Amino acid sequence: RSLLILFTLAVGGAVAAPILWQRFRAEELLAREVARAQAELDWIASHRAVYADRDLPAETTFSQFLRAQGLGAATVERIIADARPVYDLGRVRAGNRVTVVKSGKGELRAISYRIDLDRILWMRRAGNRFESEIQRVPYEVVVAGVAGQIKESLFQALEEQGEAAPLALEIADIFGWDIDFYTDPRAGDTFEVVVEKKMLRGELLGYGRVLAAQYRNEGRLYQALRFRDPSGQPAYYAPDGKSMQKAFLRSPLKFGAT
């Protein structure tokens, strides 16, 4: 009987051994594949760029802004110092766009600050330093028509068209010799403008030249076309060739948003 038991165990062991070996090999291969996949995910995360766009808040220094994004004091000081020969970050303006670029693992790669409509300061990490340079904004200039009707104000009418306040200021400057935009506009007034728009990836960055404009105030039509005056400076003229600039402005105060 004991011989039978030993024989049975021997036969069972001979059958089970290949099965156990195959299971061990499968688990080993699986572990390798998991490790390889994890390594690939780590590589992708370290090379992937994550962009975070913010507008610089009012009454906030650039250093304070960067600290609020989770950067350490030493890193912030290094960024400010390395950028100084190219641009003084003590002269930043509230509302300008700041972009912080990190890897998928949260490592700081670069920071950009939009100086104005035409220039961006880039600060890219290079070891323990940040290489800084000013680049031109690669925007596209699109000529577009904008039209609307006044209900409450010129600002509100343009906002309804998806436009920004600077365009209202441009219109007010053009027609300010004939219309006091504080007191003269009435509900029902209409306007049309042909203007250059500075676009970047579908985002309106700002406006270029207003090429032509007209404003109908209580039934009276005012029109303006952009040309160059005899000295070569850009100026606006009515269709009859007369300059839009008169001896006195209708409003002595600069028109602005309230």
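Start by selecting Val-194 and Ala-212: Ala-212, in strand 8, is the bridge partner of Val-194. What you have open is a predicted model, and this pair makes a handy starting point for a walk through it.

**Along strands 7 and 8**

Next, show strand 7, residues 190-200, together with strand 8. The two pair in the antiparallel sense, over 10 bridges. For another rung of this ladder, pick Phe-191 and look across to Tyr-215, its bridge partner in strand 8. Now follow the chain to the turn. Strands 7 and 8 form a hairpin with 2 residues between them. Click on Arg-201 in that turn, and check its backbone: phi is positive, at about 50°.

**On to strand 9**

Keep strand 8 on screen and add strand 9, residues 220-228. Here too the pairing is antiparallel, this time over 6 bridges. Select Asn-217 and you will find its bridge partner, Arg-220, in strand 9. A hairpin links strand 8 and strand 9 as well, with 2 residues between them. The residue to label in this turn is Glu-218, which has a positive phi of about 50°.

**The whole sheet**

Zoom out a little. Which order do the strands of this open sheet follow? Reading across, the 5 strands run 6-7-8-9-10, with antiparallel pairing. At the edges you will see strand 6 (140-149) and strand 10 (234-237), each pairing on one side only. Look along the sheet to see its twist, which averages 30° from one strand to the next.

Now bring in helix 5. This helix lies across strand 6, strand 7, strand 8, strand 9 and strand 10. Relative to strand 8, helix 5 runs at about 40°.

**The largest pocket**

Stay with helix 5 and strand 8, and turn on a surface. The largest pocket holds about 490 Å³ of space. Helix 5 (165-175) and strand 8 (203-217) are the elements that give two or more residues to its lining. Strand 8 gives the most, with 5 residues.

To centre your view, select Asn-96, Leu-117, Pro-166, Leu-205 and Gly-206, which lie nearest the pocket's centre among its 19 lining residues. If you colour the lining by residue class, you should get 9 nonpolar, 3 polar and 7 charged.

**Helix 3 and its neighbours**

Move to helix 3, residues 73-83. Which of its residues are buried? Select Val-76, Ile-79, Ile-80, Asp-82 and Ala-83. Then display what surrounds them: the buried residues of helix 3 pack against helix 2 (62-68), strand 3 (108-114), strand 4 (119-126) and strand 5 (129-136).

**A stop at Ser-112**

One of those elements deserves a closer look. Select Ser-112 in strand 3. Is Ser-112 buried or exposed? Its relative accessibility is 5%, so Ser-112 counts as buried, the cut-off being under 20%. Show its contacts, leaving out residues up to four places away in sequence, and you will see Ser-112 touching Arg-97, Val-98 and Thr-99, along with Ile-120, Leu-121, Trp-122 and Met-123.

**Stepping back**

Finish with the full protein in cartoon view, where you can pick out 5 helices and 10 strands. Colour by burial next: 32% of the 258 residues are buried. If you plot a contact map and keep the contacts between residues at least 6 apart in sequence, 54% of them join residues at least 24 apart.

Terms used:
Residues numbered from 1 in each chain as written. Predicted model: local features only at pLDDT ≥ 70, side-chain atom pairs only at ≥ 80, totals over all residues. Heavy atoms only, no water. 1 Å grid on protein atoms, 1.4 Å probe; cavity = no way out; pocket = protein on both sides within 12 Å on 5 of 7 lines; lining within 4 Å. Points joined across faces, edges and corners; volume = space filled by probe spheres on them. Helix = DSSP H or I, 4+ residues; strand = E, 2+ residues; numbered from the N terminus. Nonpolar A, V, L, I, M, F, W, Y, C, P; charged D, E, K, R; others polar. Pairing = 2+ DSSP bridges. Buried < 20%, exposed > 50% of the residue type's maximum accessible area, 1.4 Å probe, protein only. Contact = heavy atoms within 4.5 Å. Axes fitted to C-alpha atoms, helices over the stretch in contact; angles between N-to-C directions.
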